[in-house]
Amino acid sequence: MNGLPPTLLGRSLDMSLREWIDYYQSNIVTKQVHYRGVPTWKNVFDLWVIQEIIHETQPEIVIEIGCKFGGTTLWLSDVMRTVASGSVISVDLKRPRMDFPENVQFIEGDSIASGTVAQVQRLCGSHRTMLLADGNHSADHVFQELVLYGPMVAPGCYFIVEDGIVDVMDWPQYQPGPLVAVQRFLSENSSFVTDQRREKFILTYAPGGFLKRGEG
């Protein structure tokens, strides 16, 4: 490189995209991405796109399935206060050890359990709602989430199914994964379409997973 010292960018130029994604997942997403000091296991390109979607569609409620440490929950809380005006419903099997802001309601439970779904439905009511699914990645589980929560998503809003990247990368521990569930759901449901414009950064963890509900 013209005698310049090596940089991470310079070394990365010799990686294939597949090698870079493996590196990004192992060394960055699960170890070095934080929001307000809290671990946030997300692809930051997707976070940028999600805030654009929230600004454009102005949901009153965002349902978050899978919050892990709570970093993304905090991020959603702030986004919903600044680029929209609303609240967050976060669902996970176990509550993280943190105090949530006032505009976050946490539900502890299995996302596809009837009691959990009923609680979320009561909280959403008739509010304009969107959803992010990043919990159990098995195809059967994600398909059930699509069926159970899809009707809660408002026309013109999004159901974002995350981590279809596991199917594209063929990571064996997650097979079959979310992308398989999405393809099955779309083959049986005409209310949603894939919005590939949202994959503009190419490196998305939700390939085929930005599902927009029709206005009709």
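Select helix 6 (residues 139-149) and helix 8 (residues 178-188): they pack at an angle of about 40°, with axes 8 Å apart. Helix 6 is therefore oblique to helix 8 (neither under 35 degrees, over 145, nor 65 to 115). This is a predicted model, where local features need pLDDT of at least 70 and side-chain atom pairs 80 or more, while totals for chains, interfaces and linings use all residues. Residues are numbered from 1 along each chain as its sequence is written, and side-chain values use heavy atoms, without hydrogens or water.

Now show the side chains in contact (heavy atoms within 4.5 Å). Helix 6 brings Ala139, Asp140, Val142, Phe143, Leu146 and Val147, and helix 8 offers Pro178, Val180, Ala181, Val182, Arg184, Phe185 and Glu188.

Stay on helix 6 and colour its buried residues (under 20% relative accessible area, 1.4 Å probe, protein chains only): Ala139, His141, Val142, Phe143, Glu145, Leu146 and Tyr149. Their cover includes helix 5 (114-124), strand 6 (129-133) and helix 8.

Next, go to the loop between helix 7 (165-168) and helix 8, where you will find Pro176. The peptide bond from Gln175 to Pro176 is cis, with omega near -15°.

Two more loops are worth a click. Between helix 3 (44-57) and strand 3 sits Gln58, a non-glycine with a positive phi of about 50°. Gln58 is partly exposed at 35% relative accessibility (the class between 20% and 50%). Finally, pick Ile202 in the loop between strand 8 (192-194) and strand 9. Its phi is also positive, near 70°, and Ile202 is exposed at 67% (over 50%). Most residues other than glycine have a negative phi, and most peptide bonds are trans.

Conventions:
Axes fitted to C-alpha atoms, helices over the stretch in contact; angles between N-to-C directions. Helix = DSSP H or I, 4+ residues; strand = E, 2+ residues; numbered from the N terminus.
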